[in-house]
Amino acid sequence: MNYKIVNINTALPQPPIANLLIIYTGGTLGMEKDADGSLSPFNFGKIFEKLPDIRNYNLKLTVISFPKPIDSSDVSPTHWQDIGYIIDENYEQYDGFVVIHGTDTMAYSASALSFMLDGLNKPVIFTGSQLPIGVMRSDARENFLTSLEMASAKDENGNPIVAEVCILFNSILIRGNRSKKIRSSQFGAFKSENYPKLAEAGITIEFNRNALQEYSPNKKLNFKNKFDRSVAVMPLFPGMTEEYVKAITSMKGLRGIVMQSYGSGNATTRKWFVNALQEALDKGIIIYNVSQCIGGRVIQGRYATSKRLQEMGVISGDDITLEAAVTKLMFLLGSLSDTNEVKRHLKQNIAGEITLATT
């Protein structure tokens, strides 16, 4: 891929406090209004013209832009691999990474990168905006500049304070694989219901050190980029038919299902439904049970309506988000050849995506 690369040094003649790589994939933040009022992407290498305040940050910046900006609705595992490849290839050269991305699938991309970048010990911060950068009252300016500030933040020993994949939006930093887009028309678009915020920017930036992944000088990045797309998402709803369920469970080549159940992991106990799941399990299809609720956790066996699922071998997703569940399942199916190993890793916390039950 022929990436567009622009170097910007805001620190000259002084040495920069950090060397950051900005990866521009597309999205609303990088759009501007044309003469006819329509939106189109601007040359992100000319970000100085839009945000002259960057000059006050004493940073050395490199901008790598995708040749053709992508709408986040068109994002696929191939784009996750592209972002991961850029980070892997440039990992030793930079102190941190900021990824400009559309909001609609940002939680999926941030979750995927958290699994791909095993051993990550530097900040990878996704951000974007609800309004284009040139529009009045746009949130683009604050989101972008705050991302740069958090990505360059270091502790008293000179180590990065943030050492994981995150999303920065509306002054709040949250773990990438705990995030969910919950609003389409407000600046507070993202939330992490089951995990504390990692930082909040006010007059100063307050980092939640207890919630952040701990920096370790001995970690080495191990980039993994295999995904298997042979998965399906199956939301449950009152009135669903046997034909609906079987249309999903009988898909050709299907290897895994993320089942969105009710509440704490409950599902109908109708015989045809249980039989359809059992037939899928007997064919070696993995069924991963996640809740439709944005908060709380799956506790299979808590109620009779989920006890049967547990007995059958349906795997509990605990408090994982749908976005993290889908990307984790794709990632594990692509990385591991043994189905039993995939199941074992689904039950484990491999990148901070779940809180394992203590009882």
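These questions and answers walk through the sheet and the nonpolar cores of a predicted model.

Student: What is the strand order in the open sheet of nine strands?
Tutor: The pairing in this sheet is mixed. Its edge strands are β1 (4–9) and β14 (205–207), each pairing on one side only. From one strand to the next, the twist averages 20°. The order is β1-β5-β2-β6-β8-β9-β10-β13-β14.

Student: Is strand β2 (residues 18–24) largely enclosed or open, and why?
Tutor: Take its two faces. A18, L20, I22 and Y24 are buried on one side, and N19, L21 and I23 are buried on the other. Seven of the seven residues are buried, so β2 is largely enclosed by the rest of the structure.

Student: How many bridges join β2 to strand β5 (residues 59–65)?
Tutor: The two strands run parallel. L20 of β2 stands opposite L61 in β5. The number of bridges joining β2 to β5 is seven.

Student: Which residue in β6 is the bridge partner of I22?
Tutor: Strand β6 (residues 96–100) runs parallel to β2, and five bridges join them. L21 has F97 as its partner in β6. For I22, the partner is V98.

Student: At about what angle to β2 does helix α2 (residues 77–90) run?
Tutor: Helix α2 lies across β2, β5, β6 and β8 (124–127). Its angle is taken against β2, and the value is about 160°.

Student: Which strands does helix α3 (residues 106–116) touch?
Tutor: Helix α3 packs on the sheet. Its direction makes about 155° with that of β9 (165–169). The strands touched are β8 and β9.

Student: Where does the largest nonpolar core lie, and why?
Tutor: This core has 54 residues, and I87, L113, L117, V124 and F126 have the most contacts inside it. Helix α8 (residues 322–335) gives the most to it, with nine residues. Both domains contribute residues, so the core lies between domain 1 (4–223) and domain 2 (231–347).

Student: Which residues does F126 touch, leaving out those up to four places away in sequence?
Tutor: F126 is among the residues with the most contacts inside the largest core. Leaving out those sequence neighbours, the residues touched are V99, H101, M106, S109, A110, L113, V165, C166, I167 and L168.

Student: How many residues does the second, separate core have?
Tutor: Its members include L20, L61, A140 and C166. Two of these have already come up as a pair: L20 stands opposite L61 in β5. The second core has 34 residues.

Definitions and conventions. Residues are numbered from 1 along each chain as its sequence is written. This is a predicted model: local features need pLDDT of at least 70, side-chain atom pairs count only at pLDDT 80 or more; totals for chains, interfaces and linings use all residues. Side-chain values use heavy atoms; hydrogens and water are left out. A nonpolar core is a set of buried Ala, Val, Leu, Ile, Met, Phe, Trp, Tyr and Cys residues joined through side-chain atoms within 4.5 Å. Buried means under 20% relative accessible area, exposed over 50%, partly exposed in between (1.4 Å probe, protein chains only). Helices (H or I, at least four residues) and strands (E, at least two) are DSSP runs, numbered from the N terminus. Domain bounds come from an automatic or database domain assignment. Contact means heavy atoms within 4.5 Å. Two strands pair if DSSP finds at least two bridges between them. Axes are lines fitted to C-alpha atoms, for helices over the stretch in contact, and angles run from 0 to 180 degrees between N-to-C directions.
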